[in-house]
Each structure stands twice: as structure tokens, then as C-alpha cells.
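Trainee: I should like to learn how the packing of helices and the pairing of strands are read from a model. Where may we begin?

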Amino acid sequence: MYQFFVEDEQIEKEYVTIVGDDVRHIGNVLRMRPGEEIRISNGKGMDFFCEIAEVTADSVKAKILERTAEDTELPNRILLFQAIPKGERMEYVIQKAVELGVYEIIPVEMKYCVVRLDEKKKEKKRERWQAIAKSAAKQAKRSRIAQIHSVMSYREAIEYARQCEYCLVPYENERGMSATREVLNRIETGKDISVIIGPEGGFSEEEIELARQDMDVISLGKRILRTDTAAVTVMSMLMLEIEMKRESVK
């Protein structure tokens, strides 16, 4: 079943009206017709299972069959602080992190980042990254679209991350996986989690010491992972831990 996102003002009591680029995609690319079913979300946790009632050149009108709330979302909000990598790796991180259930993604400039964006490029990149997050949310049947923040400095990121109940920092020189397992075991359902991923050049000594003050510095094993691999690895570990705890209380 195809997934689409709309704004709250497009949702009425019995119908949802889709406008914009999705109209062309539904009518011309997917060639969907009245009677076919689609899934629509408001991007804030509310889902609508609908039947297409009308397709025109400007809009698609869908009749609401069922309303549900956040059935595909993790019970913990995960905030991913990603050091900006080179090339298209940031796009890969965003796509995979959204599929795995991330709540927010914060691009971070760190000392050993290879890429340095000027102010004009930062906003253009954020807009593109947000579009990628929306596309990934559609593919993964998410009820929410992960928010992509403006680029932060490392100190800004640390302060923002500290608002979460749990703060995890993967680091290649940290103690073993048994300690990582202990940290994951402590995570309670419903609590916010921040994850800070270092750049291709690694954390500087000053950066990792700042994180050690009140965050859990963890290991991801004996191998050195690329920054994009590290992000996906931590998100996968957290998704498994959170989903298993949710299932255990059912």
C-alpha cells in the first residue's frame, strides 16, 4: 500500500485531499484510480487508511476508512547527531536512520570533518536532506517525518543532546561490547536517546573529553567503522533493544 503525507488542513471529517507533486505521482506514475486504497499520514503520528474517491489534474480526494495513531513509530525518540561526512554519505545516513525509526537528525560540524559548508549551502543542504527524510518515511511507512535540523557546532550539539535522558557516544578507543550491552540494558521505554557520531577523521581529544563528562561513551566492536556505518549500526542496535522491550510488556 502506497504512503503519502499531508498537512492537517488537508484532512476533513470524512475525506483527505492530496495536492502538490503527489497528485502527478498518483495519477501519472502509479496510475491509481478510484477504489484503490492508500495510507496517508499527517507527519505527526496520525495515520489514515483511505480509498481513492477522485483523481483530477490538481488533487486526489480520498475517503477515510480507518484512523490509527503511531503504529509504526518507536516508543523512544532517538536524536541522531551526525558529523557531516563527505560525498553522498549524509544522504545515506538520513535514509537508513529514518527507515530505522530516528526522530530527529542534527548535522554537526566537528574539528576533523572533511566537509565545510558555507552559510548558503547549509540551508540548501538541509532542504535536500529534509526531502530525503520525507521520501524515506514514505518508503518505511512511518507515521512521522524525521526533522532535519540546521547544522550545529559541536558545543551546540552537546548542549542539545544533554536534554535527552540517555546520551550515547560511540568511540573506537572505548571499553568492550559487554559495557555497551550494560548501557543498552539501562534504556527505559519512552525515554529520549541522543547518539553522537564522529567524523571521518575521528573525534578530537577535546571533543571526546567533553562528551565523557556526562555521556555514555560506548564501543561498537574491535573494527573501525566508517562514520555512516557507525550511524546505521547504532540505530540498528537501538531499534532492536527498544522493540524487544516493547514486545516484552505486551
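Mentor: Let us begin with two helices, bearing in mind that this model is predicted. Two packed helices are described by the angle between their axes and the distance between the axes. Here, helix 4 (residues 154-161) packs with helix 6 (residues 205-212) at an angle of about 15 degrees, and their axes lie 11 Å apart.

Trainee: How are helix 4 and helix 6 oriented to each other, roughly parallel or roughly antiparallel?

Mentor: Angles under 35 degrees count as roughly parallel, and helix 4 and helix 6 are therefore roughly parallel to each other. Their crossing is right-handed. Helix 4 contributes Tyr 154, Arg 155 and Ile 158 to the contact, while helix 6 contributes Glu 207, Ile 208, Leu 210 and Ala 211. By class, five residues of this contact are nonpolar, two are charged and none is polar.

Trainee: Let us turn to the strands. How many bridges join strand 3 to strand 4?

Mentor: Strand 3 (residues 37-41) and strand 4 (residues 46-55) run antiparallel and are joined by five bridges. Arg 39 has Phe 49 of strand 4 as its bridge partner. In the hairpin of these strands, with four residues between them, Gly 43 takes a positive phi near 80 degrees.

Trainee: Which residue of strand 5 is the bridge partner of Phe 48?

Mentor: That partner is Arg 67. Strand 4 and strand 5 pair in the antiparallel sense over nine bridges.

Trainee: Is Thr 68 buried or exposed?

Mentor: Thr 68, found in strand 5 (residues 60-69), is buried because its relative accessible area is 17%, and buried means under 20%. Beyond its neighbours within four places in sequence, Thr 68 is in contact with Gly 45, Met 46, Asp 47 and Phe 49.

Definitions and conventions. Residues are numbered from 1 along each chain as its sequence is written. This is a predicted model: local features need pLDDT of at least 70, side-chain atom pairs count only at pLDDT 80 or more; totals for chains, interfaces and linings use all residues. Side-chain values use heavy atoms; hydrogens and water are left out. Helices (H or I, at least four residues) and strands (E, at least two) are DSSP runs, numbered from the N terminus. Buried means under 20% relative accessible area, exposed over 50%, partly exposed in between (1.4 Å probe, protein chains only). Contact means heavy atoms within 4.5 Å. Two strands pair if DSSP finds at least two bridges between them. Axes are lines fitted to C-alpha atoms, for helices over the stretch in contact, and angles run from 0 to 180 degrees between N-to-C directions. Angles under 35 degrees count as roughly parallel, over 145 as roughly antiparallel, 65 to 115 as roughly perpendicular and the rest as oblique. A crossing is left-handed if the near helix is turned anticlockwise from the far one by less than a right angle, and right-handed if clockwise. Ala, Val, Leu, Ile, Met, Phe, Trp, Tyr, Cys and Pro count as nonpolar, Asp, Glu, Lys and Arg as charged, and the others, Gly among them, as polar.
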